[in-house]
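User: I am new to this structure and should like to examine a single part of it closely. Please describe the metal site, and then set that site within the chain that surrounds it.

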Amino acid sequence: MTQKHQVILDCDTGTDDAVAIMLAALHPKVDLVGVTTVFGNAPLSATTINTLSVLDLIGRPEIPVHAGISRPLVRKAMPSERFFKTDSVADPHGTYLDIPRTSREPASTKAVDYLIETYRSATQPITLMPVGPLTNIAAAVALEPRFAEWVPQLIIMGGGHEVPNMTASAEFNIWADPDAAASVFEAGFRNVLLVPLDATHKALVTDKQCAALGALGTPAGKATETFVTRRINSYEAMQKMDIPNSAPVHDALCVAALVEPDIVTTKRCHVAVETAGALTLGRTVVDTHQRSRLEPNADVALDANADRFVAMLLEVFGQR
Ligand code: BDR
Ligand code: CA
């Protein structure tokens, strides 16, 4: 058997991160080495609990979880608050996932130390996959100047060229800590795949596909139905997608693209992040037409194959 893809996920675990964790933990061609957490979809304490709970649910509690940074690197807080609304009285902002809550604690080593030490001593390539604000990654770069050189592949969910979601200019993960994101794109990582909203909004999962995932009867299939249904309901209420009753599952597309790179269509571009400007704060400036004359620093996914993405979810979550 060919060697598995080793990966560390850096997550702000809400619903789509949860599907990414399950896909990475259960895919036969992936070895999920560890998970680090960051603030984002919810406060750090909740994203960490959600991460541990997901691993409990699918029977992978041995995968280490390291808690990371709880606020943006330079700013005191995100540019503005992010609130979700749910009809749950106990959890009105939808902070926690609808699965049994863990009683476990994260590992004692903090995320940034774990990342630096793991890459310092790695004997095999480990892909680093940040799918939340880039705060932990920027901190690792700041603390250890060789960090970017040690990481063989960086797959980031974030940004949008034509598609924003947080403001008219920006996508959430980049907007939440634009200074961190800017420093990551400037850090000299040699092999960067950026999976922005342009691609994730092409890989929509419909309510019928959700039901098929649930019908698999496995913990991962049933949880994915629950999580993606929650996503579809909120997209239906706030931001209709091209396909009715569907939603993107952003972070999981990164895992799919690791295993099957041609599931996304990419263009090599220079990417920079706007850290000022009331209207454009957090915008990923993707130089699709080489106007900056700057050396490209990322492969940017601008399209994705939804059928293959859903087929992968069904196949992997059907197994256990
Ligand atoms: C990204 O922001 C987070 O809320 C999601 O988990 C995803 O990583 C989408 O903009
Ligand atoms: Ca995320």
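Analyst: In what follows, helices (H or I, at least four residues) and strands (E, at least two) are DSSP runs, numbered from the N terminus. This is a predicted model, in which local features need pLDDT of at least 70 and side-chain atom pairs count only at pLDDT 80 or more, while totals for chains, interfaces and linings use all residues. Residues are numbered from 1 along each chain as its sequence is written, chains are lettered from A and ligands numbered from 1 in the order in which they are written, and side-chain values use heavy atoms, with hydrogens and water left out.

The site is formed around the calcium ion (ligand 2), whose donors come from D12 (OD), D17 (OD, listed twice), V131 (O) and D251 (OD), at 2.2 to 2.8 Å. Donors here are N, O and S atoms within 2.8 Å of the metal (3.2 Å for Na, K and Ca); water is not among the atoms, so sites may look incomplete. Along the sequence, the donor residues of this calcium ion follow the spacing D-x4-D-x113-V-x119-D. D12 belongs to the loop between β1 (5–11) and α1 (15–26), whereas D251 belongs to helix α11 (residues 250–259), so this pair ties together parts that are 239 residues apart in sequence. D12 and D251 are both buried, a term that means under 20% relative accessible area, with exposed meaning over 50% and partly exposed lying in between (1.4 Å probe, protein chains only).

Beside D251 in the sequence is H250, which is also placed in helix α11. H250 counts as buried because its relative accessibility is 6%. Contact means heavy atoms within 4.5 Å; leaving aside residues up to four places away in sequence, H250 touches D16, M157, L197, T200, H201, R231 and Y235. Its C-alpha atom is also 8.2 Å from that of P196, a residue 54 positions away in sequence.

Just before β8 (246–248), in the loop that follows α10 (219–238), is N245. This residue has a positive phi of about 55° although it is not a glycine. N245 is classed as partly exposed because its relative accessible area is 33%. N245 is also among the residues touched by T206, together with I232, I243 and S246, when residues up to four places away in sequence are not counted. T206 itself is part of strand β7 (residues 204–206), and at 15% relative accessibility it counts as buried.

Q290 provides another case of a positive phi in a residue other than glycine, with a value near 55°. Q290 sits in the loop between β11 (284–286) and β12 (298–304), and its relative accessible area of 45% makes it partly exposed.

Helix α4 (residues 135–143) contributes the buried residues T135, N136, I137, A138, A139 and A140. Their cover includes β1, β2, α3, β4 (126–130), α5 (147–150) and α7 (178–186).

The loop between β3 and α3 holds T95, which is buried at a relative accessible area of 18%. Beyond residues up to four places away in sequence, T95 touches A42, P43, A46, N50 and R230. S88 is likewise found in the loop between β3 (65–67) and α3 (111–121), but at 29% relative accessibility S88 counts as partly exposed.

Two pairs illustrate distances across the chain. P28, in the loop between α1 and β2 (30–37), has its C-alpha atom 9.6 Å from that of Q319, although the two are 291 residues apart along the chain. S88 and D299, 211 residues apart along the chain, have C-alpha atoms separated by 40 Å.

Finally, the whole protein chain contains 12 helices and 12 strands. Its C-alpha trace spans about 50 × 45 × 40 Å along the principal axes. Buried residues make up 55% of its 320 residues. Of the contacts with a separation of 6 or more, 80% join residues 24 or more positions apart.
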